[in-house]
Amino acid sequence: MAVSYNKLWKLLIDKKMTPADLRRRADIAPNTLTRMKKDQEVTLQVLERICAVLNTDFGEVVEYIQDDMDERT
């Protein structure tokens with residue numbers, strides 16, 4: 001399974017918000033933001049807080065990307 005937060009980074013640009021601004025407003029730990037920058041999974045709780053701050057839905061923040069392992073099953 002692979003996730004991508006590219007939609008989130010683009011949304012932040014559109015809202016003229018930096019990742020640091022989001023981290024403070026959504027009360028996200030610095031290491032969690034680092035995980036997101038590396039396209040690693042985070043908890044649904046974190047995604048909920050991000051969506052609340054940005055007034056958006058999960059689909060506007062994260063997307064699932066099928067990797068080679070998933071295609072074989």
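Let's start from a single residue: Thr32 is buried, with a relative accessible area of 15%, which falls under the 20% cut-off for that class. Please keep in mind as we go that this is a predicted model. Thr32 sits in helix α3. If we set aside the neighbours within four places in sequence, Thr32 makes contact with Val42 and Val46. The second of these partners takes us into another helix, since Val46 is one of the buried residues of α4.

Before following that lead, it helps to step back and look at the whole chain. The protein has five helices and two strands, and their order along the sequence reads β-α-α-α-α-β-α. Its C-alpha trace spans about 40 × 25 × 15 Å along the principal axes. Of the 73 residues, 30% count as buried, and Thr32 belongs to that group. Take the contacts between residues at least 6 apart in sequence: 60% of them join residues at least 24 apart.

Now back to α3, the helix that holds Thr32. Its buried residues are Thr32, Leu33 and Met36. They cover an arc of only 100 degrees around the axis, so they lie on the same side of α3. Turn the helix around and you will find the exposed residues Asn31 and Lys37 on the face pointing away from that buried side. As for what the buried residues of α3 pack against, the partners are α1, α2 and α4.

Helix α4, which covers residues 44-54, can be read in a similar way. Here the buried residues are Val46, Leu47, Ile50, Cys51 and Leu54. Looking down the axis of α4, you see them fall within an arc of 135 degrees, and therefore they line one face of the helix. The face turned away from this buried side carries Gln45 and Ala52, both exposed. The cover over the buried residues of α4 includes α1 (6-14), α2 (19-25) and α3 (30-37). So the packing can be followed from either helix: α4 is among the elements that the buried residues of α3 pack against, and α3 is among those covering the buried residues of α4. The contact of Thr32 with Val46 gives you a specific pair of residues to look for here.

The residues that come after these two helices also deserve a look. Asp39 follows α3 and has a positive phi, near 55 degrees, although this residue is not a glycine. Its place is in the loop between α3 and α4. With a relative accessibility of 31%, Asp39 counts as partly exposed. After α4 comes Asn55, whose phi is also positive, near 55 degrees, and Asn55 is not a glycine either. This residue lies in the loop between α4 and β2 (63-65). At 72% relative accessibility, Asn55 counts as exposed.

Finally, let's turn to the outside of the protein and to its charges. The accessible surface comes to about 5100 Å², and carbon and sulfur atoms account for 49% of that area. There are 12 positive and 13 negative side chains, and the centres of these two sets lie 9 Å apart. If you would like to trace the path once more in the structure above, begin at Thr32 in α3, step across to Val46 through their contact, and then follow α4 to Asn55 in the loop between α4 and β2.

Methods:
Residues are numbered from 1 along each chain as its sequence is written. This is a predicted model: local features need pLDDT of at least 70, side-chain atom pairs count only at pLDDT 80 or more; totals for chains, interfaces and linings use all residues. Side-chain values use heavy atoms; hydrogens and water are left out. Buried means under 20% relative accessible area, exposed over 50%, partly exposed in between (1.4 Å probe, protein chains only). Helices (H or I, at least four residues) and strands (E, at least two) are DSSP runs, numbered from the N terminus. The arc is that of the directions from the helix axis to the C-beta atoms. Contact means heavy atoms within 4.5 Å. Accessible areas come from the Shrake-Rupley method with a 1.4 Å probe; for residues, only the protein chains shown count as cover. Lys and Arg count as positive and Asp and Glu as negative; His and the chain ends are not counted. The place of a charge is taken as NZ of Lys, CZ of Arg, CG of Asp or CD of Glu.
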